[in-house]
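Let's take a walk through this complex, one nucleic acid strand at a time. Have the viewer open as you read.

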2 protein chains.
Amino acid sequence: MKAPVNGAGSNLTGDNNGEGDEKKSVINPELWQTCAGPLVNLPAAGTHVVYFPQGHSEQVAASMKKDVDSQIPNYPNLQSKLLCILHSVTLHADPETDEVYAQMTLQPVSSFDKEALLRSDLSMKINKPQTQFFCKTLTASDTSTHGGFSVPRRAAEKIFPPLDFSMQPPAQELVARDLHDTVWTFRHIYRGQPKRHLLTTGWSLFVSGKRLFAGDSVLFIRDENQQLLLGIRRANRQPTNLSSSVLSSDSMHIGILAAAAHAAANNSPFTVFYNPRASPSEFVIPLAKYYKAVCSSQISLGMRFRMMFETEESGTRRYMGTITGISDLDSVRWKNSQWRNLQVFILDCVFSLVLAKMGGLK
Amino acid sequence: MKAPVNGAGSNLTGDNNGEGDEKKSVINPELWQTCAGPLVNLPAAGTHVVYFPQGHSEQVAASMKKDVDSQIPNYPNLQSKLLCILHSVTLHADPETDEVYAQMTLQPVSSFDKEALLRSDLSMKINKPQTQFFCKTLTASDTSTHGGFSVPRRAAEKIFPPLDFSMQPPAQELVARDLHDTVWTFRHIYRGQPKRHLLTTGWSLFVSGKRLFAGDSVLFIRDENQQLLLGIRRANRQPTNLSSSVLSSDSMHIGILAAAAHAAANNSPFTVFYNPRASPSEFVIPLAKYYKAVCSSQISLGMRFRMMFETEESGTRRYMGTITGISDLDSVRWKNSQWRNLQVFILDCVFSLVLAKMGGLK
DNA sequence: CTGTAGGCTCCCGGCCGACAA
DNA sequence: TTGTCGGCCGGGAGCCTACAG
């Protein structure tokens, strides 16, 4: 297996040498990132990371809508967290649903030096290029067969090529590519009273082709070459409990643990998939991030914290919260795992968010 | 976990207590069997079976279109075949694709007595009730939006309720339920010059709802209560490589082996899924069938054999063949597994079938 | 500024028999 | 016996403006 160790700068690779997709099309990293959302941060290839089998297991449970059973055997030699080199990160999108996910090849290592920590820290500080984009949640009118897509004025002016306003009405043909490099063309027209931007011809093909419904979101970005790209974010529907007809969830969880245990015992590489929108758990953490969380700032009851949330318009928003409890979720199986320490943040924060909403605050 | 040990007679249970499907609808066993095809024979719940981890692994590889990697660790304590009690067999159908599959709960046992062998043998000899049905491969005209479905004359007369021929033209409304108990209604009319049976109104909804294309098959059966049921069999398209975004194929294969090894070590139950149309490998074999194959008739080079094949019209057809080679596929990992002995039959037979076709024989 | 509804047009979904394989 | 085609009719997909939140 190839093990390209890149510098800290190349934190996103679009190479597609993984299993699954047959097409050779290279996923556009900017589009992938935009579809994944602003909160998703992939570790950089070639840097050190900490892998949490427990968190990995949780993601599979979430995507199958099934809790972890008690039938799973213990792997006494498998630690709750594995220090690894991240050999490669490749970006993917489900050909059916356009769901974005990443494939990571990890190799357990026994120790790290100061330089590794420094590189991990550096890679986190690389600013992602702020791609120009807009994202709109589809209305009933947008998805009905009766009409087209109403483009928010600011969005059209920021992202779309400028119209020739000498035409009556001003109109042009837009060409945009999706994650699979499929080309979609739309008639973009500026008309009506009051005037507005609309996508008409071609829009309904896109809606039916992607099986979009009101509540789903569509996003357009303009890449560095001024090319128009588009992607989707589906509303949180029930997981399609994929793959439940192939492998029992028990076998899946055992497979995760056994694969990690085998890799740890042999220091051999192994492969995981990370679905940023399937579950909130980031189970592959940059070494520097882990180090800071554990060493520098001790977590204690009553401590206050800030947390980012993704808003509907795909911006970010900060909320304050307080830690109300700290415990290991499964202290028998995972001694001193620190996994739930991180989780406590999220749960508590969602809870305070709910309280704030109930209280009518904003 | 419940472990209902039924008599040999109840070889198909429609109980749905498995994971995956949320709906409580009970799968009709006759319809499931018809969709699975005439060659599929599920072992009876409560009887003894032999489980082949290697064959199970092959099914997963087939449904993911990925060969087994060499990264898989050895499980020195896992035998190539496990004697098990089959606690339960539940029938399922994928809610998206209607693909049929079965969930089986197995429990390794260390030995069996004469009565167990007898029961296994008896359960195999239970004749399945020969359900009245017909199956037709859809033509371009059947699936085009331009028209309806042309029903073969014999099929209509055998399966559909008789028309009132005093009407001009004779017509009626057909109501049929699918595997998910969804109701489909069609206008059945007998018209044209020459006269023929057609399904018109309602047909296109069915085609688009099930996403059928020319080459796929549709089948109608009449159950014991004279109710009309219908199902589909999709043409062999490339596997939709389900679930490749959830778990790496390595982890899946490890999961299968580790789950089996764990169950064997503890004599604890485990769960497998069997997709009859995803791969030809039956990896859960009735004890009696295994016993006969291994003990009574020794297999040798040059031996001639007969084999059943499924024809397009879902009948069966016999072909003759000769065994040209016997070997273990992976004799290092699976010592004396006998798995490929069975496989040799199939490969050789397909090969001779190809030769026959190339030679213009029929 | 933008979501929804009403109006209008015309394309294609869908029912028919003709014809030939 | 049955697959495909040309004919044809009508409903709805799809483009437009009006209006209101």
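**Where protein meets DNA**

A polar side-chain atom of Thr201(B) sits 2.9 Å from a phosphate oxygen of DNA strand C. Keep in mind that this is a predicted model, and let's see what else surrounds this strand. There are 22 residues around DNA strand C, and the nearest are His146(A), Arg153(A), Arg196(A), Thr145(B) and Arg191(B). Helix H4 (140-143) of chain A and strand E7 (183-191) of chain B each give at least two residues to the surface near this strand. Sorted by class, that surface holds 5 nonpolar, 11 polar and 6 charged residues.

Which parts of DNA strand C lie within 4 Å of the protein? Sugar or phosphate makes up 48% of those atoms, and bases make up the rest. On the base side, a polar backbone atom of His146(B) is 2.9 Å from a base nitrogen of DNA strand C. The side chain of Arg196(B) also places an N or O atom 3.3 Å from a base nitrogen of this strand.

Now turn to DNA strand D. Among the 22 residues around it, Thr145(A), Arg191(A), Ser141(B), Arg153(B) and Arg196(B) come nearest. Of the atoms of DNA strand D within 4 Å of the protein, 49% are sugar and phosphate. A phosphate oxygen of DNA strand D has a backbone N or O atom of Arg153(B) at 2.7 Å. For a base contact, look at His146(A), where a backbone N or O atom is 2.8 Å from a base nitrogen of DNA strand D. Strand E7 (183-191) of chain A and helix H4 (140-143) of chain B are the elements that supply two or more residues to the surface near DNA strand D. That surface divides into 5 nonpolar, 11 polar and 6 charged residues.

Technical notes. Residues are numbered from 1 along each chain as its sequence is written. Chains are lettered from A and ligands numbered from 1 in the order in which they are written. This is a predicted model: local features need pLDDT of at least 70, side-chain atom pairs count only at pLDDT 80 or more; totals for chains, interfaces and linings use all residues. Side-chain values use heavy atoms; hydrogens and water are left out. A residue is near a molecule or strand if one of its heavy atoms lies within 4 Å of it. A polar contact is a pair of N or O atoms within 3.5 Å; within protein, one must be able to donate a hydrogen and the other to accept it, and residues adjacent in sequence count only if both atoms are side-chain atoms. Helices (H or I, at least four residues) and strands (E, at least two) are DSSP runs, numbered from the N terminus. Ala, Val, Leu, Ile, Met, Phe, Trp, Tyr, Cys and Pro count as nonpolar, Asp, Glu, Lys and Arg as charged, and the others, Gly among them, as polar.
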